[in-house]
Amino acid sequence: MQSKVRRKFLPEIQALRALAVLMVVAYHLEPRWLPGGFVGVDVFFVISGFLITGHMLREVERTGTLSLRNFWAARVRRILPAALLTIVVVLAATLLLSPMTQWPQIGVQALASTFYVQNWVLASNSVDYLAATDSATALQHFWSLAVEEQLYLFWPLLVLLAAAILRRRRRR
């Protein structure tokens, strides 16, 4: 019987990540170069979902459960420091470089980014007649991080539910 060896570095995943980044960068530089280049963000979402699901399933297989506390704490340690630093730098730059009329919009987006609901704020603004003239901000790109963090909030709960259902079926 051959034992399963878990690889720590997956070059094929890194290649997909690099491709996704190149697609997004090319799209932002010149959208006509790569129509649909924003699909790179979708590729990132799929890769994240694949990796995080594998991580959770291995823990369930090893321990019989998934520690939500440990899972969420690891996400906080990995993402929150860099995200908060970015938000603070953008706020400082806004106060120094932008007119006061833009401060409220940046403030709302800073809060939305901090609490990973930027995607919902942007969606709400897209149908708000009074927000139609709002200009783009440096924090808008937090929408994708918000989507990812929302996945990290709810997906582990579904994994735990599936594990509990499987345990119950096996006992029967």
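This report walks through a few places in the structure above, from its domains down to single residues.

The model is a predicted one: local features need pLDDT of at least 70, side-chain atom pairs count only at pLDDT 80 or more, and totals for chains, interfaces and linings use all residues. Residues are numbered from 1 along each chain as its sequence is written, and side-chain values use heavy atoms, with hydrogens and water left out.

**Two domains**

Let us begin with the overall layout. The protein chain is assigned domain 1 (7–64) and domain 2 (70–171), with bounds that come from an automatic or database domain assignment. Taken over C-alpha atoms, the centres of domain 1 and domain 2 are 18 Å apart. Twelve residues from domain 1 and 14 residues from domain 2 take part in the contact, where contact means heavy atoms within 4.5 Å.

**Four residues to look up**

The table places four residues in their helices, which are DSSP runs (H or I, at least four residues) numbered from the N terminus. Relative accessible area is called buried under 20%, exposed over 50% and partly exposed in between, using a 1.4 Å probe and protein chains only.

| Residue | Helix | Relative accessibility | Class |
|---|---|---|---|
| Val21 | H1 (residues 11–29) | 39% | partly exposed |
| Thr53 | H2 (residues 39–63) | 18% | buried |
| Val76 | H3 (residues 68–97) | 46% | partly exposed |
| Asn119 | H5 (residues 118–126) | 16% | buried |

**Around the buried pair**

Thr53 counts as buried because its relative accessibility is 18%. A polar atom of the Thr53 side chain lies 2.6 Å from the backbone oxygen of Gly49.

Asn119 has several neighbours to explore. Leaving aside residues up to four places away in sequence, Asn119 touches Trp143, Ala146, Val147 and Gln150. With Gln150, the link is a polar contact between the two side chains, at 2.8 Å. Such a contact is a pair of N or O atoms within 3.5 Å; within protein, one must be able to donate a hydrogen and the other to accept it, and residues adjacent in sequence count only if both atoms are side-chain atoms.

**Around the partly exposed pair**

Val21 joins Val25, Leu29 and Trp33 in a nonpolar surface patch of about 430 Å². Patch members have over 30% relative accessible area and no salt bridge (a side-chain nitrogen of Lys or Arg within 4 Å of a carboxyl oxygen of Asp or Glu); nonpolar side chains are joined within 5 Å, and like charges within 9 Å. Accessible areas come from the Shrake-Rupley method with a 1.4 Å probe.

Finally, Val76 and Glu149 are 73 residues apart in sequence, while their C-alpha atoms are 9.5 Å apart in space.

Definitions and conventions:
Helix = DSSP H or I, 4+ residues; strand = E, 2+ residues; numbered from the N terminus.
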